[in-house]
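Colleague: I'm new to this one and would like to learn how to read ring pairs and side-chain contacts. Could you walk me through it?

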Amino acid sequence: NVRCRDDAPGSVKPRSQLIVSALSQYAPDSFGVQEATEEWMKIFSDNLGDRYAFIGKARDDSKDTEYSAVFYLKDKYELIDGGTFWLSDTPEKFGSKFMSSSLPRIATWAVLKNKENGKVYTHINTHLDHILEKARVQQAEVLSAKIAEFKKLGTVVCTGDFNSDEGNDAYNKMTEILSDTKYIAKESDKGRTYHNYGRVLFGKKPIDFIFVSEGTEVSRYKIIDEQIKGMYLSDHYGICVDFR
């Protein structure tokens with residue numbers, strides 16, 4: 001979650017360079033973003049466009065709209081299929097939402113084929129409601145139904161800011177169909193992922209997750225919690241996994 005706007009502890013412009021630097025350092029095969037406004041999407045395009053392509057749509061037509069885009073290494077992967085659906089009872093309808101949801105919420109998906117060995121995985125990226133657990137559960141149910149279809153194609157990876165602690169209903173709905181990489185990785189970090197620029201002192205559980213389908217071997221789960229020159233990259237820590 002890149003945090004959509006300027007905050008006193010960290011405005012977009014300086015933080016964007018830190019995030020670009022971190023992405024260049026970790027060089028993920030694919031990554032998902034949340035709260036990516038048009039400004040953020042231009043930053044990614046300008047700074048990473050030589051290496052990464054992306055798929056994604058804005059969640060609505062508001063001035064401060066956000067993307068939950070999936071980026072992938074374009075020299076390594078071929079985009080077989082992809083798109084965006086809304087976490088609502090009309091998933092194909094632009095800008096739709098559940099009555100319980102504060103805002104339209106979306107999931108973007110990309111079916112990626114490794115050009116060298118032909119292996120395929122589907123990366124789904126999302127951001128659930130930040131207010132009501134009822135909304136998050138409804139949204140997770142839509143996600144689960146879609147994931148069941150994607151699993152027919154092979155490995156599925158689902159990344160996102162779920163705004164839900166472990167053990168809550170939305171999290172439990174996700175773990176009915178996918179595994180939390182933190183618990184199946186051979187090496188795994190522990191701790192919170194939302195920290196509000198280091199100001200959150202309560203709670204130690206993450207609300208951001210990477211889930212994978214069964215049969216996926218995960219060697220490392222890492223929370224990207226470093227600061228650069230004393231500045232946080234965002235109000236969330238990033239997370240990344242190594243898997244095959």
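**Reading the rings**

Modeller: Sure. Keep in mind that this is a predicted model. Rings pair if their centres lie within 6.5 Å, and by this rule the count comes to 16 aromatic pairs.

Colleague: How do Phe-44 and Phe-71 pair up, and at what angle between the planes?

Modeller: Planes over 60 degrees apart count as edge-to-face. Phe-44 and Phe-71 have 65 degrees between their planes and 5.3 Å centre to centre, an edge-to-face pair. Phe-44 belongs to helix α2 (residues 38–48) and Phe-71 to strand β3 (residues 70–73), so this pair ties together parts that are 27 residues apart in sequence.

Colleague: Is Phe-44 buried or exposed? And what about Phe-71, buried or exposed?

Modeller: Buried means under 20% relative accessible area. Phe-44 has 1%, so Phe-44 is buried. Phe-71 is buried too, at 2%.

Colleague: Which kind of pair do Phe-54 and Phe-71 make?

Modeller: Their ring centres are 5.3 Å apart and the planes sit at 35 degrees, so this pair is tilted. Phe-54 is in strand β2 (residues 52–55) while Phe-71 is in strand β3, so the pair ties together parts that are 17 residues apart in sequence. As for Phe-54 itself, a relative accessibility of 38% makes this residue partly exposed.

Colleague: Which residues do ring pairs link into a cluster?

Modeller: Phe-44, Phe-54 and Phe-71 are among them, and Phe-31, Trp-40 and Tyr-52 belong to the cluster as well.

Colleague: Let's move on to charges. Which ring has the charged end of Lys-146 over it?

Modeller: For a lysine, you look at where NZ lies relative to the ring centre and the ring normal. The charged end of Lys-146 is over the ring of Phe-85, 5.0 Å from its centre. Elsewhere, Lys-182 lies over the face of Tyr-221, with 5.7 Å to the ring centre.

Colleague: And if I pick one residue, say Thr-193, where is its place?

Modeller: Find the element, then the accessibility, then the neighbours. Thr-193 is in the loop between β9 (187–188) and β10 (208–212). Its relative accessibility is 0%, so Thr-193 counts as buried.

Colleague: What does the side chain of Thr-193 reach?

Modeller: The backbone nitrogen of Ile-207, at 3.0 Å. Leaving out residues up to four places away in sequence, Thr-193 touches several others, including Pro-206, Asp-235, His-236 and Tyr-237.

Methods:
Residues numbered from 1 in each chain as written. Predicted model: local features only at pLDDT ≥ 70, side-chain atom pairs only at ≥ 80, totals over all residues. Heavy atoms only, no water. Phe/Tyr/Trp six-rings, centres within 6.5 Å; stacked < 30°, edge-to-face > 60°. Helix = DSSP H or I, 4+ residues; strand = E, 2+ residues; numbered from the N terminus. Buried < 20%, exposed > 50% of the residue type's maximum accessible area, 1.4 Å probe, protein only. Lys NZ or Arg CZ within 6 Å of the ring centre and 35° of its normal. Polar contact = N/O pair within 3.5 Å; in protein donor to acceptor, adjacent residues only side chain to side chain. Contact = heavy atoms within 4.5 Å.
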